[in-house]
Amino acid sequence: DTREAVVSRIAEDMLKKLPRDYAPQEVKEAIIKLGGLLPMNIFLRQEIDRIQKILHLVRGTLKDLQMAIEGSVVMSDELKEIMDNMFDARVPKGWEKVSWQSSTLGFWYTELLERDAQFKRWCFSGRPKVFWPTGFFNPQGFLTAMRQEVTRAHKGWALDSVICQNLVTRFSKDDIHDSPPEGVYIHGLFLEGASLDRKTGKLLEARSKVLYEQMPVIYIYAINSTSGKDSRLFECPIYRKPARTELNYIGSIDFESDIGPRHWIMRGVALLCDIK
């Protein structure tokens with residue numbers, strides 16, 4: 001098969017699976033049903049705006065590319081480069097710029113579908129019982145919205161003194177059937193450099209030959225506190241990707257352990273949203 005034929009088939013397949021656009025009016029009505037302009041809904045709307053830009057761009061590019069391959073429009077340098085990227089299973093630069101990094105086009109596209117599915121469910125079927133923060137463009141904004149939500153629910157609390165706390169549960173995502181009374185459940189994080197005692201939720205030494213361990217559901221909530229954190233807890237950083245750059249840093253989760261936090265800092269223990 002020629003390069004053109006191969007890429008034409010890939011484009012055809014991607015277009016078939018590409019989720020439908022978000023109609024602004026539908027989103028507006030759905031947000032009202034979810035309770036209007038509350039912190040979490042504002043966050044959702046911002047995330048939907050970003051994924052809609054990507055859907056629009058991908059759809060337009062793939063259609064243009066198909067027309068160029070058929071010969072009904074001129075194959076520009078930009079389209080030629082996109083065709084070469086797709087043939088090599090790489091993410092086109094223009095797409096990656098407005099989205100996220102991924103090692104292959106296949107991984108990237110699967111993530112697009114999974115992110116979209118979470119937003120569509122949340123927007124049109126109601127707030128998730130368990131959230132998948134890996135699928136957010138701005139996970140820090142998600143945690144801030146949760147803090148704002150809890151702050152508003154308590155008379156006299158000020159956002160500045162409301163801090164996140166967490167509880168490592170024993171549950172997997174499928175065990176959760178209700179939202180917590182306050183705060184959020186999250187899933188999909190991976191632990192690197194240590195392992196977890198499932199019974200106690202405490203950190204243990206990493207198992208041999210196990211690079212990443214999937215975490216159970218974590219309950220994140222907020223409390224009004226000026227006293228700071230317990231110094232015996234290990235404040236474990238969360239990163240979007242295995243590359244631990246400031247750009248990939250999201251926040252932290254506190255772990256209990258029978259060994260002091262310094263031990264885990266030296267071990268380089270971290271939580272990752274994505275291990276691909």
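Select Cys273 and display its sulfur atom. In this predicted model, the closest cysteine sulfur belongs to Cys236 and lies 11 Å away, which is too far for a bond. A disulfide would require the two sulfur atoms to be within 2.5 Å. Cys273 is itself buried, with a relative accessible area of 7%.

Next, add Cys236 to the selection. Viewed from this residue, the nearest cysteine sulfur is that of Cys273, and Cys236 takes part in no disulfide. Its relative accessibility is 0%, so Cys236 counts as buried. A search extended to the whole structure returns zero disulfides.

**Strand S9 and its partners**

Now select residues 234-239, which form strand S9. How many of the six residues in this strand are buried? Five of them are, and the strand is accordingly described as mostly covered. When inspecting side chains here, recall that in a regular strand they alternate between the two faces of the sheet.

Extend the selection to residues 249-255, strand S10. S9 and S10 run antiparallel and are joined by six bridges. Then add residues 270-272, strand S11, which pairs with S9 in the parallel sense over two bridges.

Centre the view on Tyr239 to see both pairings at one residue. Its bridge partner in S10 is Tyr249, while its bridge partner in S11 is Leu272.

**The largest pocket**

Move to the largest pocket, whose volume is about 560 Å³. Which residues should be selected to find its centre? Of the 26 lining residues, Gln118, Arg121, Trp132, Lys173 and His187 are the closest to that point. Colour helix H6, residues 105-125, as the next step: this helix contributes eight residues, the largest share of the lining. Colouring the lining by residue class gives nine nonpolar, eight polar and nine charged residues.

**The second largest pocket**

Select Ser99, Trp100, Gln101, Arg240 and Asn248 together. These residues lie nearest the centre of the second largest pocket, which is lined by 20 residues. The space within this pocket is about 390 Å³. Its lining divides by class into eight nonpolar, five polar and seven charged residues.

**Arg59 in helix H3**

Turn to helix H3, residues 39-70, and pick out Arg59 within it. Is this arginine, Arg59, buried or exposed? Arg59 counts as buried because its relative accessibility is 17%, and the cut-off for that class is under 20%. Display its surroundings as well: neighbours within four places in sequence aside, Arg59 is in contact with Leu15, Leu18, Pro19, Arg20 and Asp21.

**The whole model**

Finally, clear the selection and show the complete protein as a cartoon. Eight helices and 11 strands are present. The C-alpha trace spans about 65 × 50 × 30 Å along its principal axes. Colouring by accessibility marks 44% of the 276 residues as buried. A contact map offers a last view: among contacts with a separation of 6 or more, 68% are between residues 24 or more positions apart.

Methods. Residues are numbered from 1 along each chain as its sequence is written. This is a predicted model: local features need pLDDT of at least 70, side-chain atom pairs count only at pLDDT 80 or more; totals for chains, interfaces and linings use all residues. Side-chain values use heavy atoms; hydrogens and water are left out. Helices (H or I, at least four residues) and strands (E, at least two) are DSSP runs, numbered from the N terminus. Buried means under 20% relative accessible area, exposed over 50%, partly exposed in between (1.4 Å probe, protein chains only). Contact means heavy atoms within 4.5 Å. On a 1 Å grid over the protein atoms alone, a cavity is a set of points where a 1.4 Å probe fits but cannot get out, and a pocket is an open set with protein on both sides within 12 Å along at least five of seven lines; lining residues have an atom within 4 Å of a point. Grid points are joined across faces, edges and corners, and a volume is the space filled by probe spheres set on the points. Ala, Val, Leu, Ile, Met, Phe, Trp, Tyr, Cys and Pro count as nonpolar, Asp, Glu, Lys and Arg as charged, and the others, Gly among them, as polar. Two strands pair if DSSP finds at least two bridges between them.
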